[in-house]
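The following note is offered to a colleague who is beginning to read structures. Please keep the structure in view while going through the numbered points.

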Amino acid sequence: MPTYIARRLVQALLILLGVSIITFVLLYFLPADPARMVAGRTASKAQVELVRMQLGLDLPVWEQYGRYLWNLLQGDLGRSYLQRTEVTTLIGARLPASLLLMLGAITCELLIGVTLGAMAGLRRGSAADQTLMVAALVFVSTPQFVTALTLLYIFAYWLGWFPIGGYGQFTHLVLPSITLGLLGGGWYARVTRSSVIEVLRQDFIRTARAKGLDRWRIVSVHILPNAALPVIAMIGIDVGYFMSSIVIVESVFGWPGIGQLTWQAIQQIDIPIIMGVTLVSACAYVLGNLLADLVSPLIDPRIKLR
Amino acid sequence: MSVWRGLLRRPLAMAGLVIAVALVAVAIAAPLIAPYSPYEQFFDGLTLEGAPLPPNERFLFGTDLLGRDLLSRMIYGARTSLIVGLLANGIAVLVGTAVGITAGFLRGVVGAVLMRFTDLVMAFPALILAITIATLRGPSLGLVVLVIALVNWGPIARVVYAETTSLAEREFIAAERAIGANTSRILFRHILPHLLPIIIVWGTLGISTTVLFEALLSYLGVGVQPPNPSWGNIVYDGQSYFQSAPWLVFFPGFAVAALALSINLIGDALRDLLDPTLRGRH
């Protein structure tokens with residue numbers, strides 16, 4: 001097990017290294033002139049060249065990357081071109097809001113997904129099962145911006161229960177969390193359902209029924225805890241995809257997290273920030289997947305980590 | 001044939017098929033069924049104050065901010081969504097299958113390198129990558145297709161790889177080798193036909209992913225560019241007015257959801273019918 005984890009960590013580092021190289025080279029060859037952006041529209045050609053030298057943008061691409069990597073290894077993601085602040089500071093300032101949203105989203109996903117999935121799995125083959133699974137598929141098939149705008153229209157504009165957008169109070173958290181929770185909840189429902197069905201066919205469930213345990217006790221003590229592990233593994237994978245989903249949701253709801261930072265940085269072509277959030281997001285993906293893999297032998301002892 | 005009969009026996013899959021076929025028909029016949037041109041701005045398409053019109057007898061889905069007929073724009077938008085979705089998905093399936101088969105059949109160093117590269121691509125935050133490329137290069141239809149294909153071939157490569165490695169170990173492949181069949185015969189006559197079911201399933205489900213992705217990019221303003229209509233960019237244009245003109249958001253938004261849902265219904269049924277590892281488990 002320790003060698004497995006060590007090997008996976010090395011693999012993770014290699015993936016992050018690869019992501020950083022490809023992103024760096026990609027951004028280098030895209031037709032945008034960062035020096036011009038930093039110097040400003042009105043700057044003369046000489047000023048632009050001066051800025052280019054100061055930022056080291058006149059160096060060959062591999063040398064620029066070498067410098068970037070060297071700084072990265074010391075925990076320095078560089079400085080934003082336009083906000084003139086350390087990227088680590090900017091990301092650090094936005095991180096709490098995004099983590100809060102992630103917490104809210106995962107709570108909603110689990111509530112929605114496990115409830116729907118367990119109800120459907122326990123009534124496998126019934127009309128209720130079919131209806132619930134179609135509902136889950138609807139959640140999965142609806143783009144986040146449509147879910148977000150629909151919820152805003154009904155609950156913020158029409159009923160006035162929640163604010164249209166913003167940050168700071170609990171009420172601000174509800175609609176963005178539900179938006180993410182419905183989409184993710186659809187996936188969790190599908191996983192939970194097959195997991196519950198898998199547990200239902202085990203011998204110990206038949207035993208529990210045979211000795212006359214009441215239905216609720218079988219569900220709460222014997223089925224759900226045993227069906228939970230694939231769902232827990234899924235949280236790991238979910239965390240990895242989270243960064244992509246929050247770009248949309250944070251921009252619709254005006255949530256001041258990393259997604260909003262990313263979106264602004266892309267529009268302003270602020271390359272150090274784009275690099276930084278790409279790496280943070282790849283980190284989340286790699287770690288999330290690692291966690292999911294580490295959970296799987298707990299789910300099924302026959303799975304051996306190699 | 002049995003697959004077809006299996007689909008017929010599943011009302012949900014049939015519902016999905018009907019919706020999908022209807023939307024494809026609408027897209028193909030767009031010039032015939034669209035009541036107006038998607039680009040024409042009507043003088044009576046706006047109120048006296050310049051606001052868009054809600055759905056009415058003349059404009060069934062209402063008009064947009066420039067006084068254009070929303071229904072006609074949505075009908076032409078179906079073309080964009082489907083073309084981008086199908087093309088991008090087609091490329092993703094081809095690339096993914098090629099990478100997966102090569103890696104699974106050759107294994108060794110080449111296989112390891114290819115699959116680690118797939119891991120790498122999948123670790124990229126797809127949306128951030130796509131938005132960045134589209135923003136910096138200036139969006140165009142071809143670029144949108146390529147970007148979506150680029151970030152979506154990973155999963156299918158993994159599935160095909162896993163399936164190919166397990167096929168390559170089976171006795172009938174060893175038997176083929178023993179009687180002296182060459183690589184291309186084994187690949188095309190024996191491995192590929194066995195992979196087809198799984199490619200069909202993932203290829204179908206992939207359409208809904210790419211359609212949703214196109215809508216996302218267009219919604220963020222970095223996908224299909226106005227005046228060309230796409231369901232995503234109609235929502236993007238109309239969303240600032242969604243309180244006073246909700247039809248601008250909800251009609252195209254629900255159209256995207258309906259298309260993705262119909263494809264997912266078909267794909268789910270196909271998976272039940274075609275994926276032997278799942279047979280009888282759902």
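1. The expected span of a helix is 1.5 Å times one less than its number of residues. In this predicted model, helix 7 of chain A, residues 144–158, has 15 residues, so its expected span is 21 Å. The C-alpha atoms at its two ends lie 20 Å apart, which agrees with that expectation.

2. The agreement in length should be read together with the course of the helix. Where is the kink in helix 7 of chain A centred? The kink is centred on Leu152(A) and amounts to about 30°. After helix 7 of chain A comes Gly160(A), which has a positive phi near 70°.

3. Which residues of helix 7 of chain A are buried? They are Gln144(A), Phe145(A), Val146(A), Thr147(A), Ala148(A), Leu149(A), Thr150(A), Leu151(A) and Leu152(A). Leu152(A) therefore appears twice in this account, as a buried residue and as the centre of the kink, by the definitions of burial and bend. The cover over these buried residues draws on both chains: it includes helix 8 (170–200) and helix 10 (215–253) of chain A, and also helix 10 (183–219), helix 11 (231–238) and helix 12 (247–274) of chain B.

4. Chain A as a whole has 12 helices and 0 strands. Its C-alpha trace extends over about 85 × 55 × 30 Å along the principal axes. Of its 306 residues, 37% are buried. Among the contacts in chain A with a separation of 6 or more, 71% join residues 24 or more positions apart.

5. Chain B likewise contains 12 helices and 0 strands. Its C-alpha atoms occupy a box of roughly 80 × 45 × 30 Å along the principal axes. Chain B has 282 residues, and 46% of them count as buried. Residues 24 or more positions apart supply 70% of its contacts with a separation of 6 or more.

6. The meeting of the two chains deserves its own point. How many residues of chain B are in contact with chain A? There are 34, and they touch 34 residues of chain A. On the chain B side, the elements giving two or more residues are helix 5 (108–123), helix 6 (126–137), helix 10 and helix 12. Helix 12 of chain B provides the largest share, with 9 residues. By type, the chain B side consists of 24 nonpolar, 8 polar and 2 charged residues.

7. Helix 12 of chain B returns in the account of the core. The largest nonpolar core holds 150 residues, and those with the most contacts inside it are Met74(B), Ala130(B), Ile148(B), Leu216(B) and Val256(B). Helix 12 of chain B gives the most to this core, namely 15 residues. Beyond four places in sequence, Ile148(B) touches Val84(B), Ala88(B), Ala130(B), Thr210(B), Phe213(B) and Glu214(B).

8. Val145(B) belongs to helix 7 of chain B, residues 141–152. Why does Val145(B) count as buried? The cut-off is 20 or more other C-beta atoms within 10 Å, and Val145(B) is buried because 22 C-beta neighbours lie inside that distance. Apart from neighbours within four places in sequence, its contacts are Val84(B), Leu87(B) and Ala88(B). Val145(B) and Asn89(B) are separated by 56 residues in sequence, while their C-alpha atoms are 8.5 Å apart in space.

9. Asn233(B), in helix 11 of chain B, can be read in the same way. Asn233(B) is buried because 27 other C-beta atoms lie within 10 Å. Leaving aside neighbours within four places, Asn233(B) is in contact with Ser218(B), Gly223(B), Val224(B) and Pro226(B). From Asn233(B) to Met122(B) the separation is 111 residues in sequence and 26 Å in space, C-alpha to C-alpha.

10. Helix 8 of chain B, residues 154–168, invites the length check used at the start. With 15 residues, helix 8 of chain B reaches 21 Å between its first and last C-alpha atoms, close to the expected 21 Å. Its buried residues include Gly154(B), Ile156(B) and Ala157(B). The buried residues of this helix pack against helix 4 (70–106), helix 5 and helix 10 of chain B.

11. Finally, the confidence scores should be reported. The average pLDDT of chain B is 87, with 97% of its residues scoring at least 70. For the model, ipTM is 0.85 and pTM is 0.88.

Technical notes: Residues are numbered from 1 along each chain as its sequence is written. Chains are lettered from A and ligands numbered from 1 in the order in which they are written. This is a predicted model: local features need pLDDT of at least 70, side-chain atom pairs count only at pLDDT 80 or more; totals for chains, interfaces and linings use all residues. Helices (H or I, at least four residues) and strands (E, at least two) are DSSP runs, numbered from the N terminus. The bend at a residue is the angle between axes fitted to the seven residues ending there and the seven starting there. A residue is buried if 20 or more other C-beta atoms lie within 10 Å of its own, exposed if 12 or fewer, and partly exposed in between; C-beta atoms are placed from the backbone. Two residues are in contact if their C-beta atoms, placed from the backbone, lie within 7 Å. Ala, Val, Leu, Ile, Met, Phe, Trp, Tyr, Cys and Pro count as nonpolar, Asp, Glu, Lys and Arg as charged, and the others, Gly among them, as polar. pLDDT is the predictor's confidence in each residue, from 0 to 100. A nonpolar core is a set of buried Ala, Val, Leu, Ile, Met, Phe, Trp, Tyr and Cys residues joined through C-beta atoms within 7 Å.
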